[in-house]
Amino acid sequence: MIVGGILSTTSMVKEGNPDINVAIATIQTNWGGADPETIENQVTDKIEKELKSLKGLKDLSSASFDGSSLIQVEFEAEAPIAESIALVRAEVDEAKPEIASEADEPKVEQISTQDTPVLTVGLYGDIDLAVLSKAAEDIEDILETVPNVRKVDLSGNREEVIHVQLIPSRMMTMGVSATQVANAIQQANRDLPWDQIESDEIGTQLRYYGRFRSLEDLRNLPVTRLGDEQEGRVVRLQEVAEVRRDLEREKNRAFLSSNGEDFQPVITVDIVKVPGSDTIKVIDDSLAAIATAKQNPSIWPYGMEYRVINNDADQINKDLLNVFNNAWQGVLGVFIVLLFALTWREAIIAGLSIPLTFLGTLAVLFLFGFTLNKMVQIGMILALGLLVDVFILMMEGMHDGIFVEGLSFNQAALKTVKTYAVPAFSGQLTTILALAPLMAISGTMGKFVRLIPITAIVCLLLSYIIALLVDIPLSRYLLGNIKTKGQKSKIDRLTEKVSEQFRNWSLSATIRNKTTAKIWALGAIALFITSTILVGTVPSSLFAEGDGRKLSINIELPPTTTLNSSQKVADEIGELLREKDYLESVIKLVGQRSGLVQESGLKPNNGNYLVGFSAIFTPEEEREQLSFEYIDDLRSELNTALRQYPGASLVVNAQSTGEGGDPIEIELSGTDMDELRRISGEVQLALRQINGAIDVRDDLGALRPDIKLRPRREAMNFYGISDDELANQGRYMMTDNDIGDFPIGGGEEDLEIRLSTMWASRDGGIGGPTRRDELLSIPLFNNNGENITGSQVLEAEFGNAPLSITHKDAQRTVTVLAKNKGRTVGEIVAEFELKLAEMKGKWGQGYDYKFAGELETQGETFASAGQMAIVALFLVFSVLVIQFSSFTQPFIIMLAIPFAFIGTFLGFFLLQIPISFPAVIGIIALTGIVVNDAIVMIETMNSHRAKGMNVRDAAARGAADRLRPILTTSITTIVGVIPLALSDPTWFPLASAIGFGLVASTLIALIVIPCLYLLLTPSKA
């Protein structure tokens, strides 16, 4: 078991949160330059029509942005993954003929619920951006070959391209249209094999070699002829356009500041791993690949450096260290308690059993293909508080047999097994049955926490086997040669004295007669009812906040903001963040959103109006507070700084346990986008007035100016220009278009040839005109090469348009998003729902709302957990009925459970700890622990009855005899969960539920169970 555990620890796949095996796919379709409405009508709607009837579909979401459509398909947690993804691909293939031909082919990709970077590296140096970008792309290629790396994303880089920039004045002079240039380049830029010549004299491979392989060749390309087609002068490309090799149009920028240093330009490399693969190994292999690349001067330019910005291996190693620390602290706690309660010999045996159980558990989990992740670690730490009972029980039996009764080792071992094997098995079984239904909790969250009960159950099973087959045989080496057999220790004599006093007190105070027993029992029931009422006022949440180190800050400016204007905002906010001593590093992104922490909804990641910051907190020991405790002050400071920029919105996303994103989501559905926007504004305004609601916004963003150029078809016919020609010429005037590839040889990837127009107002930059006079003078040409002004064939319609159009279940939907501060989601929503229901009455027909996000998950998870708790209680009761062949005694034992809840409920009420999902797990686990003590107590009372004692004396004696074991197991269990409570605030509610419950159950059970035994046990055996 030891060898297997050690081998498993080194061999198991290690990751942070477990990868939840749920079928989720995205379908992305790009169509450069297309607006959201066009994307929605000609791409998104066509694909959604095929997808919305898929079997097992849970959620169908989509967003249509500038130039792209993104659809996310999520199936029910229990749906078969491979089959579901295959169905998505098949339906997308069905939709392809319906999609606009100008759009790229849809890309279907299966994604993970933890689809965030496990490693982020920054490349920087005092070198040219072109050189830095080329090196980053080479390193990207290397990292993509590392085993289990799913994808590598670069930010801040700019690829090299061949720019062909048309000069409007020359085009008008020579009568050359943009489509003529594009067609000439595309038709000439091709290679074509002409097969082989089979001949003894000239046998060879023959091919047409027409692609452009030098800029001079491209510049000299004949585009048209002036005048007569036969004798007119040739117009070459360089006469109407500037041809150069340069960096692509700047779309985003990235800067890095580490440990408060000044920001410097950086290219970030984000590495996403394959789901279920070993995070630490992927990170180590990736860093090794980067280190190897650094030694190669052909890849790594002189002057370039790199810095590791985010490394998930640090957190995983910290979690593993926490398990180790909790284990040895638990062992030490058990040893100290047993040292005082028994002797050092029993303490050593019970203490060593804990790491042995953990090693055995890892071996079993490894054999069944589980990974070593945070949920496994939490399950082991939880089990630490559950499994000590059986070790203490066996050591108590051996101690009493040898030291108190003076039996030989063999006699003591035999008596211990006979006396405690069955009660111990029943106790472990009831705890297992209490935990087992947690594995059946439905939904994604159920899959997320499933490993906690699985790990705890394996620990409990192994602990029982170890207690019987290892501890008792092993104790021969420490207890087999005791010379002072039958000589009671000081603690034994003290225990006997205290037990006798407790017995006498019980007989005189609690079970003096049945009337007194009723008063105590009714008092306990009244206390339970009171605590239940009080805990009903405690708020609830899905997970408590944790001490995550990742932080994303996203700022959305008005849509018309230029990249340079966004840079000014980013610089100011960046300086504010750089001065924070609790931030280890900050990446400043201009024109791009930060994706370090998962965010709710489908949003555009790029745009001139976006500013993002990806920050990493310093290690916990270097901070004065937990990471989430800094967030509120930081958000207030950032909001104050952004007040000078009208229209700017801020979202701060801290790393969290569970699904992440915004906890408050209100989906507004309807048909008219303008009406939905109006309703969304109304809802946001009302939500902002609710105390505790922050970062209120919707997923539409601000409106931007929109000009629709409607064709005047009669005029087009008169001037001799077709719809296709007009549409294409206008597009080449406005943006850069990929019209071919330019081979550079040497095994390097081809460069794109981008056709655009050079406007004076952009000073050589890529893009459309920025002045009204330029817009009015766009050169358009008919089929005869005659110049036509845009106003002659186009009619302008001015308006506004959304940045994105979102759907839920193929229906237009706007989602209002918000976070909570100082209040739980449940409290905020409960107050807001009354207002929302009143507002809905004023909306038109067909407009509705629905709560989603954490509240939806919380409702689904808690409802499922409640059902499983009922199942657990039924299973525990059934086992007890079989064991005791009675209904009354199991009923007595089951009543101990609500008495334990008194401590949990009062503790949560007094400290105002929100009822969270980890707390529910703790409460269910507490059920099994409490039943263990009650089972052994009732067994002891029954044994005294069998010896002829009356019910009253048997009840008093049974409770007194179990005083030391119950106190010992309760104290060691509480000691076992204290490290969990202190190690991570996310799991503090779980440890608190067990700790507070045990304090109450220990005190109340010793007092009330004898009363119930007296009341419910018949006088005659």
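Let me start with the smaller of the topics: helices α29, α31 and α32 (988-1016) each give at least two residues to the lining of the second largest cavity. This is a predicted model, and everything I say today comes from that model.

That second largest cavity has a volume of about 60 Å³. Its lining is made up of Val-930, Asp-933, Ala-934, Met-937, Ile-966, Ser-970, Ser-1001, Thr-1002, Ala-1005 and Ile-1009. Sorted by class, that lining has six nonpolar, three polar and one charged residues.

How many cavities of 30 Å³ or more does the structure hold? There are two of them. The largest cavity has a volume of about 150 Å³. Fourteen is the number of residues to keep in mind here: of the 14 residues that line the largest cavity, Asp-389, Leu-393, Asn-932, Asp-933 and Val-936 are the closest to its centre. You will have heard Asp-933 before, since Asp-933 is also in the lining of the second largest cavity.

Which helices supply the lining of the largest cavity? At least two residues each come from α12 (374-404), α13 (409-435), α29 (917-946) and α31 (963-983). The largest share, four residues, comes from α13. By class, the lining of the largest cavity divides into seven nonpolar, four polar and three charged residues.

Now to the sheet. In general, strands of a sheet pair through backbone hydrogen bonds, either parallel or antiparallel. Here six strands form an open sheet, and the order is β14-β13-β18-β19-β17-β20, with antiparallel pairing. Why is one side of β14 and of β20 left without a neighbour in the sheet? β14 (264-265) and β20 (649-654) stand at the edges and have a single partner strand each, so one side of each has no neighbour there.

Take the β20 end. Strand β17 (residues 550-556) and β20 run antiparallel and are joined by six bridges. To point at one position, Ser-552 has Asn-653 in β20 as its bridge partner.

Two helices pack on this sheet. Helix α19 (residues 563-578) touches β13 (253-258), β17, β18 (583-592) and β19 (606-617), and the direction of α19 makes about 170° with that of β18. Helix α20 (residues 628-642) packs on the sheet too, touching β17, β19 and β20. The direction of α20 makes about 160° with that of β20.

To close, two things to find on the screen: Asp-933, among the residues closest to the centre of the largest cavity, and the Ser-552 and Asn-653 bridge pair.

Note on methods: Residues are numbered from 1 along each chain as its sequence is written. This is a predicted model: local features need pLDDT of at least 70, side-chain atom pairs count only at pLDDT 80 or more; totals for chains, interfaces and linings use all residues. Side-chain values use heavy atoms; hydrogens and water are left out. Two strands pair if DSSP finds at least two bridges between them. Contact means heavy atoms within 4.5 Å. Axes are lines fitted to C-alpha atoms, for helices over the stretch in contact, and angles run from 0 to 180 degrees between N-to-C directions. On a 1 Å grid over the protein atoms alone, a cavity is a set of points where a 1.4 Å probe fits but cannot get out, and a pocket is an open set with protein on both sides within 12 Å along at least five of seven lines; lining residues have an atom within 4 Å of a point. Grid points are joined across faces, edges and corners, and a volume is the space filled by probe spheres set on the points. Ala, Val, Leu, Ile, Met, Phe, Trp, Tyr, Cys and Pro count as nonpolar, Asp, Glu, Lys and Arg as charged, and the others, Gly among them, as polar.
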